[in-house]
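Q: Could you take me through one part of this protein slowly, as if I were seeing a sheet for the first time? I would like to know how its strands are arranged and what packs around them.

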Amino acid sequence: MGEKIIRTVTAAVMAVTVLALSVVFSLSKKQEFSENENRYLGSLPHLKWETIKNGEYMGDINSYLCDHFPFRDFFIGLKSQVEICLGKREINQVYIGKEGYLIEVYQKPVNTERITQVFRDFAEKEKIKPLEMNLMLVPTAIYVYGDKLPKLASPRNQMETAQEIYDACGIPAIDCSQKLLEYKDKGQLYYKLDHHWTTFGAYIGYLSFCEAKGITPVPLEEMESQVVTDEFCGTVYSKVNDYTKKGDSITIYRNPKDKLQVYYQDTNTLTHDLYNLEYTGQKDKYSLFLDNLHSIIEITNETADSGRELMLIKDSYANSIVPFLVRHYKKVYVFDTRYYKYGPSSFIDEHTGITDVLILYNMNTLDMDLGVGGIY
């Protein structure tokens, strides 16, 4: 008799819970974008006979229901915490590392040959011009912070692939990997909850650049530093969905000697700062560097210590190294070749003052970066 009562009460509780969640789902406002996951959520699909017949409609409905399930973030976070408590140390291609680090797995590269050919073709095309061209392939936390990985992790060596590219493409390399290893215990080089290097990590990359180019670097203590947020939860945080983790701090640096004009060509916007601090109030806080994504940015430094001009072809890792580089160039042209449709070669032809070219990509996203194909 007692078991029957328990089953009846359990069924009643489940029925009430399902009904309550259904009511909440029906009445709640549906989000278009998940800041925690940094992606757009599924929208209610249109009912069409073709999509019903091929099964696409039910798949889209399922995605819609999953994306807008009541208290979704709470349940996703709870699932991740339970998995971590049970000993799981890899979630969504992210290692649960020591000291609070979430470190992306380095996937086996499949496009190394194609990428090398792009770099080689670009170098061959521009070698007749008096340009100093360099390639910097930046390792990510999985290479530098191998000691923070879980015990059973067996990561691939990013810099073996980088060396293959360096050897085959014909562009003089600036290898910052050893200097990053040298400084790994002298400051935080990578964010714990994002895949980018920190501004201190970018500064160490800048030291490698200066060493290779014979430039005297600006000491970090001579720059003005400012912690602009301590709530940065980036891309790897969004993959793991462990919402209990405390955010990272972002520090920015300004050189008081610099007098800058920063022109965003695609939006026809002129500023005097390399940072847009409005992003500190958003989830995507790393976008405060160089105002997120732009096809081309022209930076003029009236007080630079040389009259040289730099073309920087890059991914988002380079955004946080630019504040250090601008001290040494009268002009810096920053290219995101995913969005600049004319190719950097034609730009070089039109801007004969360019003296240096730096290609900078991080090793974790290089293999699938669509911008590489735009380098011609």
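A: Here is a walk through the main sheet, followed by its surroundings and a second sheet.

A word on the model first: it is predicted, so local features need pLDDT of at least 70 and side-chain atom pairs count only at pLDDT 80 or more, while totals for chains, interfaces and linings use all residues. Residues are numbered from 1 along each chain as its sequence is written, and side-chain values use heavy atoms, leaving out hydrogens and water.

Let's start with the sheet. It is open and has seven strands, in the order β6-β14-β12-β13-β11-β9-β10, with mixed pairing. Strands here are DSSP runs of E with at least two residues, helices are runs of H or I with at least four, and both are numbered from the N terminus. Two strands pair if DSSP finds at least two bridges between them. At the edges stand β6 (132-138) and β10 (269-271); each has a single partner strand, so one side of each is left without a neighbour in the sheet. From one strand to the next, the twist averages 15°.

For one pairing up close, look at β9 (residues 260-264) and β11 (residues 296-301), which pair in the antiparallel sense over five bridges. There, Y263 has E298 in β11 as its bridge partner. In the loop between β10 and β11 you will find D291, which has a positive phi of about 55° although it is not a glycine. D291 is buried, with a relative accessible area of 18%; buried means under 20%, exposed means over 50% and partly exposed is in between, using a 1.4 Å probe and protein chains only.

Now for what packs around the strands. Helix α9 lies across β6 and β14 (356-362), running at about 150° to β6. Such angles run from 0 to 180 degrees between N-to-C directions, and axes are lines fitted to C-alpha atoms, for helices over the stretch in contact. Helix α9 (residues 199-213) also gives the largest nonpolar core its largest share, eight residues. A nonpolar core is a set of buried Ala, Val, Leu, Ile, Met, Phe, Trp, Tyr and Cys residues joined through side-chain atoms within 4.5 Å. This one has 94 residues, and F119, I299 and I359 touch the most other members. Not counting residues up to four places away in sequence, I359 touches F119, F122, N134, L135, M136, I171, I313 and I375, where contact means heavy atoms within 4.5 Å.

F119 leads us to a pair of helices. The axes of α5 (residues 112-126) and α7 come within 9 Å and cross at roughly 35°. Among the α5 residues that meet α7 are I115, F119 and A123, and their counterparts in α7 include I165 and A168.

Finally, compare a second open sheet, with three strands in the order β3-β4-β5 and antiparallel pairing. Its edges are β3 and β5 (102-104), each with a single partner strand, so one side of each is left without a neighbour in the sheet. Two bridges join β3 to β4, and E90 stands opposite Y95 in β4. In the loop between β3 (90-91) and β4 (94-96) sits Q93, partly exposed with a relative accessible area of 34%.
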